[in-house]
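Let's take a walk through the aromatic rings of this one and see who sits with whom. Have the side chains switched on.

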Amino acid sequence: MDDVSTKLTRPSGPSGPSGLDDERQYQAAISKDARFDGVFFIGVSSTGIYCRPSCPAITPKREHMRYYRTAAAAQEAGFRACKRCRPDASPGSPEWNIRADVVGRAMRLIADGAVDRDGVAGLASRLGYEQRQVRRLITAELGAGPLAIARAQRAQTARVLTETTALPLSEIAFAAGFTSIRQFNATILEVFAVTPTQLREARGRRGQVPRARRITLGPASGRSDPAAPGLIRLRLPYRPPIDMDRMIGFLAARAIPGVEAVADGRYRRTMLLPNGTGILSVGSGTLGYVDCELQLEDLRDLTAAVQRCRRLLDLDADPEAVTASLAASESVLAPLALASPGRRVPGHVDGNELALRAVLGQQVSVAAARRLGARLVAAYGKPLERPEGTLTHCFPTAETLAAADPGTLPMPRTRAAALTGLATALASGDLSLDPGADRDRAEAQLLALPGIGPWTVGYIRMRALSDPDAFLPADVGVLEALGRLGAGACGVHGPAAAARTRAAKAATELAEGWRPWRSYAVQHLWASIEPAPEDSTPSTPSTPSTPSTPSTPSTQEKENQS
């Protein structure tokens, strides 16, 4: 097995999983290597089904195996999903977070539901290409076009709703994004080889639709509106390991009252989604899964909500590949990476909100930033129609803050001007921070705005744009951690400004060996100087059980680097 594992070690460079050849894919299949679930799919010509690499069924003969980059490509080739390993429920491929080209950006947008909402025309417009070019590029590389990939995603959403809710199948069809009942029935039959009714009955017979997992409708539960509000409980797959305690602690330290809360080891927050509002709740589940609860005002937002939860928790990451790459660098970071192989990069459910909060927290401590955020939410946030406990508002939209008078905002005038300037750029559409944004273009646009400097832009790239290779060389926490680890050239010695410039330059040179995972390196460095965690996470966002750490962004960056 050790020999097989060595053969299967994936390239850690920008080429990513696409560098796998047939031999390495075959080795992954015969070793049942779950690390490759979602990276590629195996069609079996003798049975007409497609599986994930870790499928527990007997490995088919090699001449009967066909390899596909996406589930949609396997379906387009005429294969149906395996009922045993359920390949459509695999974690997402980490390749799409790494890649910044058109195909990578398109895959992130399709996963967020862009094609379902706006069609291929809308997808092409957001990418800045013609529809024909987008179709050609995606089909040439993945073996399926954007419509087919979106269709496969709709089928997965429909299966989840069918198996985990008590909604009528007619409502599920439209909530999943299908345009007709006929299309819904035909797709489910083609992909899963059963009708929607048989899919629900089969799960019920095996006792896998417990009462607690059924949807709980609001007061108007008798209506047949597919947008009826309700609670959906899901398991979100990931590639182990994961440091969920540190992830929730990171989010808890920055939680804004009214929008976010942490209690009993679970992180909860409100969301503004394409068709309405929602509330998410995430916490540790069984091995390989995060427990997730979604309360949606409109069930058509399920696909977007799930993908935003995945980006928030970095669930499509490949921690083994990241750890192997950082450990192989033979730098001061190697021991940290080996000691915490489950470290992830916390993302966000809304790129615009993260960017606005990054500006809001400039030059103040974490606690002060949270207080400012709470005041901003109370004054400009959108109240929930159905508040749940301490969750009462959604964070203010860019449009709302763009129309605000900077003089009335609860912060210094220069920062208020920076905040409204950023909000105006986002509201106008000139600046995009959605999942398919061009990261380099967004960085250049952000740096051109007054009051926004390199640190803030790097932080936005890391968390709002899910860039795995963002680095913050002048960050106080990063430099402090490097100094403690013995990277002497990165220590701050002498006059503050000149010393910090020299240290940042040394840190940048050192971090070249950590590409393309420098965002993960930052998280390892921040965590290394955090106080030891308490036995439990904070019970409320306003009274954390652990003090604000020196590695938190708003404490690290005391000076705006514009």
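Phe36, Phe40 and Tyr67 make a good first stop: ring pairs join these residues into a cluster. Keep in mind that you're looking at a predicted model.

Across the whole model, the tally of aromatic pairs comes to nine. One of them brings together Phe250 and Trp526, whose rings are stacked, with 6.5 Å from centre to centre and 15° between the planes. Now trace where each partner comes from. Phe250 belongs to helix 12 (residues 244-253) and Trp526 to helix 24 (residues 518-528), so this contact ties together parts that lie 276 residues apart in sequence. And how well covered are the two rings' residues? Phe250 has a relative accessible area of 3%, and for Trp526 the value is 0%. Since the cut-off for buried is under 20%, Phe250 and Trp526 are both buried.

Next, swing over to Trp455 and Tyr459, another stacked pair, at 5.1 Å centre to centre and with 10° between the planes. Here both partners sit in helix 21 (residues 454-463), four residues apart, which is about one turn of the helix. Trp455 is buried, at 7% relative accessible area, and Tyr459 is buried too, at 5%.

Rings also show up here with charges over them. The charged end of Arg62 sits over the ring of Tyr26, 4.3 Å from the ring's centre. Arg235 does likewise with Tyr289: its charged end sits over that ring, 3.8 Å from the centre.

Notes. Residues are numbered from 1 along each chain as its sequence is written. This is a predicted model: local features need pLDDT of at least 70, side-chain atom pairs count only at pLDDT 80 or more; totals for chains, interfaces and linings use all residues. Side-chain values use heavy atoms; hydrogens and water are left out. Rings of Phe, Tyr and Trp (its six-membered ring) pair if their centres lie within 6.5 Å; planes under 30 degrees apart count as stacked, over 60 as edge-to-face and the rest as tilted. Helices (H or I, at least four residues) and strands (E, at least two) are DSSP runs, numbered from the N terminus. Buried means under 20% relative accessible area, exposed over 50%, partly exposed in between (1.4 Å probe, protein chains only). A charge sits over a ring if NZ of Lys or CZ of Arg is within 6 Å of the ring centre and within 35 degrees of the ring normal.
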